Amino acid sequence: MVLFQALCALTELTLGLMAQARLGVMGLVVLTAVFIGVRARHNQLAVGAVVLFVFLMSQA
């Protein structure tokens, strides 16, 4: 259980750093919306943010 939480935290940190390096502040905002949507179990927010994030990453 602790290993899984540590792995999740490391993944979030890595994705955050990648988004910041390629997209700047906007990438971090979208990535934060993804994590908030997943944790709050708000599917529309999570799916919309993922689609926007994928679109932005494909353009960067």
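Student: pLDDT is the predictor's confidence in each residue, from 0 to 100. What is the mean pLDDT of the chain?

Tutor: The model is a predicted one. Of the residues in the chain, 97% reach a pLDDT of 70 or more. The mean over the chain is 78.

Student: In which helix is confidence highest?

Tutor: Confidence is lowest in helix α1, residues 2–23, where the mean is 78. At the other end of the ranking the mean is 80, and the helix with that value is α3.

Student: How many helices and how many strands are there in the chain?

Tutor: Read from the N terminus, the elements run α-α-α. The chain therefore has no strand to place between them, given that helices and strands are DSSP runs. The count is three helices and zero strands.

Student: What are the dimensions of the box that the C-alpha atoms fill?

Tutor: The box is taken along the principal axes of the chain. Its dimensions are roughly 35 × 25 × 15 Å.

Student: Are α2 and α3 roughly parallel or roughly antiparallel?

Tutor: Helix α2 covers residues 25–39 and helix α3 covers residues 43–59. Their axes come within 8 Å and cross at roughly 150°. Angles over 145 degrees count as roughly antiparallel, so α2 is, relative to α3, roughly antiparallel.

Student: Is the crossing of α2 and α3 left-handed or right-handed?

Tutor: The handedness describes how α2 passes α3. The crossing is left-handed.

Student: How many nonpolar, polar and charged residues make up the contact of α2 with α3?

Tutor: From α2, the contact takes in M26, G27, V30, L31, A33, V34, I36, G37 and V38. These meet L45, A46, A49, V50, L52, F53 and L56 in α3. By class, the contact has 14 nonpolar, two polar and no charged residues.

Student: What share of the residues in the chain is buried?

Tutor: Buried means under 20% relative accessible area. The chain has 60 residues, and the buried share of them is 18%.

Student: Is M57 buried or exposed?

Tutor: M57 has its place in helix α3. Leaving out residues up to four places away in sequence, M57 touches R22 and L23. The relative accessibility of M57 is 17%, and the cut-off is 20%, so M57 counts as buried.

Student: What separates the C-alpha atoms of M57 and L17?

Tutor: Along the chain, M57 and L17 are 40 residues apart. In space, their C-alpha atoms are separated by 13 Å.

Student: Is A6 buried, partly exposed or exposed?

Tutor: A6 lies in helix α1. The relative accessible area of A6 is 43%, and the range from 20% to 50% lies between buried and exposed, so A6 is partly exposed.

Student: Which sign does the phi of R41 have, and what is its value?

Tutor: R41 lies in the loop between α2 and α3, and with a relative accessible area of 75% it is exposed. Most residues other than glycine have a negative phi. R41 is not a glycine, yet its phi is positive, at about 55°.

Student: How far apart in space are Q44 and L7, C-alpha to C-alpha?

Tutor: Q44 is found in helix α3 and, at 69% relative accessibility, counts as exposed. Q44 and L7 are 37 residues apart in sequence. Their C-alpha separation in space is 25 Å.

Technical notes: Residues numbered from 1 in each chain as written. Predicted model: local features only at pLDDT ≥ 70, side-chain atom pairs only at ≥ 80, totals over all residues. Heavy atoms only, no water. Axes fitted to C-alpha atoms, helices over the stretch in contact; angles between N-to-C directions. Helix = DSSP H or I, 4+ residues; strand = E, 2+ residues; numbered from the N terminus. Parallel < 35°, antiparallel > 145°, perpendicular 65-115°, else oblique. Left-handed = near helix turned anticlockwise from the far one by under 90°. Contact = heavy atoms within 4.5 Å. Nonpolar A, V, L, I, M, F, W, Y, C, P; charged D, E, K, R; others polar. Buried < 20%, exposed > 50% of the residue type's maximum accessible area, 1.4 Å probe, protein only.
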